[in-house]
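Subject: Handover of a protein structure

Dear colleague,

Please find below the structure that I am handing over to you. A summary of what was found in it follows.

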Amino acid sequence: MITLFRLLSHLPLAWLHVLGTFLGWLTWLLSPTYRRHMRENMLLALGADETRRMRSTAIGEAGKGALELARIWLRPLAETAARVVEISGWELVEAASRRGKGILYLTPHLGCFEITAQYLSTHAPITVLYRPPRQAWLQTMIEAGRARTQLHLAAADLSGVRSLIRALKRGEAVGMLPDQAPKAGEGRWLDFFGRPAYTMTLAARLVESGASVIMVWAERLPAGAGYHFHLQEPTQPIRGTIEERAQQINHEIEHLIRQCPGQYLWGYNRYKQRRGSTPSGAAPTSVGEDAPQHAAGSNGVGRG
């Protein structure tokens, strides 16, 4: 598999996106669980009419996201960063840097989330939350792809959380995927598109540091033209109790998704239950593993 990814890394991004579209449809056709998760999640968030309109796009975009990892992980960082051809909101980064209290980048499973930390690391150090995958080959690939000078990994455990806090205290940046389902005991059941979803509280807790919060995502442009980097402030200050802050972060994620619903990873089983953690008064949903998704879907920012 590593050899295949190395071969794919030499293909133009446009070719990878064409092949990725086929991969997306193949996954859709072969996996009933994936189809079910995608249908249910899209219907809940978008409604029937929008789901019918966006379904084909979402299927293809998910496949593109899987294959573009070859170029993002296995090409030189300068070449990867050069694929960001348009940027909106960079003034937010400059203002946050002047404050000197660190930056908390929140990137949902939207667009090319793997490139976000890679690109940001070309400007300043960034520490990203990281949960090792079960597959050994994928672990090797991720470590190789993220071996960047200013990109540091923080394991999804107590030592990793301490690394994130230390980075913020130094006035540096940290990043994570706030819509990633946490382990049992590490989250709260909060609303996400009108349904209880087990939601991480770590991002909400890090807000207490006084760091500037920036929502960031990379829009995949047509025909392999590259990516449009979007940086946005939350729609309102994130404050209140831990639960209130985590709930607001969910709403901020929803706001981003509505900007480009075709590029959200709808096949990710966002509503899965963790053993030992059940929403009060909610009917049980599936217990167990995620649906087929991006290889990067188990790590932090730019994962994931």
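Of the 304 residues in the protein, 56% are buried. Please bear in mind that this is a predicted model. The secondary structure comprises 11 helices and nine strands. The surface that the protein exposes amounts to about 13,000 Å², and carbon and sulfur atoms supply 55% of it.

I begin with the interior. In soluble globular proteins, nonpolar side chains tend to be buried together. The largest nonpolar core here has 49 residues, and those that touch the most other members are Leu104, Leu106, Leu164, Met176, Phe192, Leu206 and Trp266. Helix H3 (residues 32–67) provides the largest share of this core, with nine residues. Another core, of 37 residues, lies apart from it; Leu67, Leu120, Met141 and Ala218 are among its members.

Trp266 deserves a closer look. Leaving aside neighbours within four places in sequence, Trp266 is in contact with His37, Met38, Asn41, Met42, Ala45, Leu46, Ala58, Phe193, Ile257 and Pro261.

One of these partners, Phe193, leads to the backbone. Most residues other than glycine have a negative phi. Which residues have a positive phi without being glycine? Phe193 is one of them, with a phi near 55°, and Ala223 is another, with a phi of about 60°. Phe193 lies in the loop between strand E6 (187–192) and strand E7 (195–200), while Ala223 lies in the loop between strand E8 (212–220) and strand E9 (227–232). Are these two residues buried or exposed? Phe193 has a relative accessible area of 8%, which is under 20%, so it is buried. Ala223 has a relative accessibility of 72%, which is over 50%, so it counts as exposed.

Next comes helix H11 (residues 242–259). With 18 residues at 1.5 Å a residue, H11 should span 26 Å, and its end C-alpha atoms are indeed 26 Å apart, so the two values agree. The buried residues of H11 include Ile242, Ala246, Ile249, Ile253, Leu256 and Ile257, as well as Arg245, Glu252 and Glu254. What do the buried residues of H11 pack against? Their partners are strand E2 (103–106), E6, E7, helix H10 (202–206), E8 and E9.

A charged side chain can also be examined in helix H3, where Lys64 lies. Lys64 has a relative accessibility of 18%, which is under the 20% limit, so it counts as buried. The side chains of Lys64 and Glu61 are joined by a polar contact of 3.1 Å. Not counting residues up to four places away in sequence, Lys64 touches His17, Gly20, Thr21 and Arg220.

Two further points concern Ser97 and the cysteines. Ser97 belongs to helix H6 (residues 90–99), and with a relative accessible area of 48% it falls between the two limits, so it is partly exposed. The C-alpha atoms of Ser97 and Ala173 are separated by 9.1 Å, although the two residues are 76 residues apart along the chain. As for the cysteines, the structure holds zero disulfides. Cys112 counts as buried at 2% relative accessibility, and Cys260 counts as buried at 12%.

Yours sincerely,
A colleague

Notes
Residues are numbered from 1 along each chain as its sequence is written. This is a predicted model: local features need pLDDT of at least 70, side-chain atom pairs count only at pLDDT 80 or more; totals for chains, interfaces and linings use all residues. Side-chain values use heavy atoms; hydrogens and water are left out. A nonpolar core is a set of buried Ala, Val, Leu, Ile, Met, Phe, Trp, Tyr and Cys residues joined through side-chain atoms within 4.5 Å. Buried means under 20% relative accessible area, exposed over 50%, partly exposed in between (1.4 Å probe, protein chains only). Helices (H or I, at least four residues) and strands (E, at least two) are DSSP runs, numbered from the N terminus. Contact means heavy atoms within 4.5 Å. The expected span of a helix is 1.5 Å times one less than its number of residues. A disulfide is a pair of cysteine sulfur atoms within 2.5 Å. Accessible areas come from the Shrake-Rupley method with a 1.4 Å probe; for residues, only the protein chains shown count as cover. A polar contact is a pair of N or O atoms within 3.5 Å; within protein, one must be able to donate a hydrogen and the other to accept it, and residues adjacent in sequence count only if both atoms are side-chain atoms.
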